[in-house]
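Let's take a walk through this one together, starting small and working outwards. Have the model open so you can follow along.

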Protein chains: 2
Amino acid sequence: MTGENGTRSGRRPGQSGTREAILDAARARFAEVGFDKASIRSIAGAAGVDPALVHHYFGTKQELLIAALHLPLDPDIIRARIAQVPDEALGEGIVRAVVGVWDTPVGTQAVAAIRTLLGGGDAALARHFLLEVALKDVRVRVDSPPGTGATRVMLAASQMVGLLVTRKILLIEPIASMPVDELAAMVGPNLQRYFTGDLPFS
Amino acid sequence: MTGENGTRSGRRPGQSGTREAILDAARARFAEVGFDKASIRSIAGAAGVDPALVHHYFGTKQELLIAALHLPLDPDIIRARIAQVPDEALGEGIVRAVVGVWDTPVGTQAVAAIRTLLGGGDAALARHFLLEVALKDVRVRVDSPPGTGATRVMLAASQMVGLLVTRKILLIEPIASMPVDELAAMVGPNLQRYFTGDLPFS
């Protein structure tokens, strides 16, 4: 994330235009082929810059994704927290970890980013972000019987997205003001069914 | 809904401006005091027209709400369907009734209306609509122990809103293409826990 502020600013006249061109190219490429298959080289090519400049401005590919989605924090922070939760407690653990972040000052930026996305943003970008970044570890953990992991995490995502909308966007009581512990006890068992329950897979 | 098309159109020069003024006043009033407390008289007053003109253009207060929210069908149609579902089958029944409507041609208009709302619309209007119109009957039915109905229906609403977003806005597979029967079997039991389950009320 160097080059945005500090001593380097102003050195290059077209700097902010170049940054925006890279972010636009990254969003388009991530949406088109997904996070895993998009290369820094292809993004740089689409933006008409040298790949080294992309690394110089944004660091790693994950850091570029964070900037492109206007995420206020690295999803790895939440993933690391969830990695410590045993499978049988994933439901409550994910409510606590995710809602805990939404409720912080940086969470309001995340909510704004998601609101933009729901209002007219790029759905393909959101899908790739959910499957390849945010929910990747959990999908592998709950893939039992084999092949069911994607369905399980997407059902859970549907509950978490709805919880975000009711708690942080529509501000519907009693969900909006419910303490995280209580919310985890209410919603956690439902997430747990999606993750490890005996779902009617056909 | 008379006056929009047909023989009457063009009779009054400022007609479409008047209609919009009434709709704006209705949205503001519904958001401010809710559907039940907002009177046609107060809405007409805010729009600077005679209450009879509001009835002439829009019919009943509920029809005015439908026009103000750009709903493509009367929520009473879904409510009537849900009224026939026994309490112990509400979870699956609501998934079937609601998703069934989303998946029809008129459903795409409902999805567009909700997308607008999530992207920057009036959250207060959405709250009042959910509590006083869409979920009113169910809230009364599941209010056991007494006083828990609002929490139960709002938890269920969080799941349904999230299902709408994943299925119809983000188009995330496998949820986007899942047949309604399968979706009802996957999600219904989770809704049912919210409606009639032993939730940890403090």
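Before we look at a pair of helices, a word on how the angle is taken: axes are lines fitted to C-alpha atoms, for helices over the stretch in contact, and the angles run from 0 to 180 degrees between N-to-C directions. Keep in mind, too, that this is a predicted model.

With that in hand, go to helix α2 (residues 40-47) of chain A and helix α3 (residues 51-58) of chain A. Their axes come within 8 Å and cross at roughly 100°. Angles of 65 to 115 degrees count as roughly perpendicular, and α2(A) and α3(A) are therefore roughly perpendicular to each other. Which residues make the contact? On the α2(A) side you'll find I40(A), R41(A), I43(A) and A44(A), and α3(A) answers with P51(A), L53(A), V54(A) and H55(A). Sorted by class, the residues of this contact come out as 6 nonpolar, 1 polar and 1 charged.

Now zoom out to the whole of chain A. The chain is divided into domain 1 (6-68) and domain 2 (75-196), and the C-alpha centres of these two domains of chain A lie 28 Å apart. Where they touch, domain 1 of chain A puts in 7 residues and domain 2 of chain A puts in 7 residues. On the domain 1 side, the top contributor is helix α1 (residues 15-33) of chain A, with 3 residues. That side of domain 1 is made up of 4 nonpolar, 1 polar and 2 charged residues.

Next, bring in the second chain. How many residues does each chain give to the contact between chain A and chain B? Chain A supplies 37 residues and chain B supplies 37 residues. On the chain A side, α7 (105-120), α8 (123-134), α10 (149-169) and α11 (180-196) each chip in at least two residues. Of everything on that side, α10(A) has the largest share, at 14 residues. By class, the side of chain A that touches chain B holds 24 nonpolar, 9 polar and 4 charged residues.

So how are the two chains related? Chain A is superposed on chain B by a rotation of 180° with 0.0 Å of shift along its axis, at an RMSD of 0.0 Å. That is the relation of a two-fold axis. The contact fits this picture as well: 100% of the contact residues of chain A recur in chain B, and the same surface serves both copies.

Note on methods. Residues numbered from 1 in each chain as written. Chains lettered and ligands numbered in written order. Predicted model: local features only at pLDDT ≥ 70, side-chain atom pairs only at ≥ 80, totals over all residues. Helix = DSSP H or I, 4+ residues; strand = E, 2+ residues; numbered from the N terminus. Parallel < 35°, antiparallel > 145°, perpendicular 65-115°, else oblique. Contact = placed C-beta atoms within 7 Å. Nonpolar A, V, L, I, M, F, W, Y, C, P; charged D, E, K, R; others polar. Domains from an automatic or database assignment. Least-squares fit on C-alpha atoms with pLDDT ≥ 70 in both.
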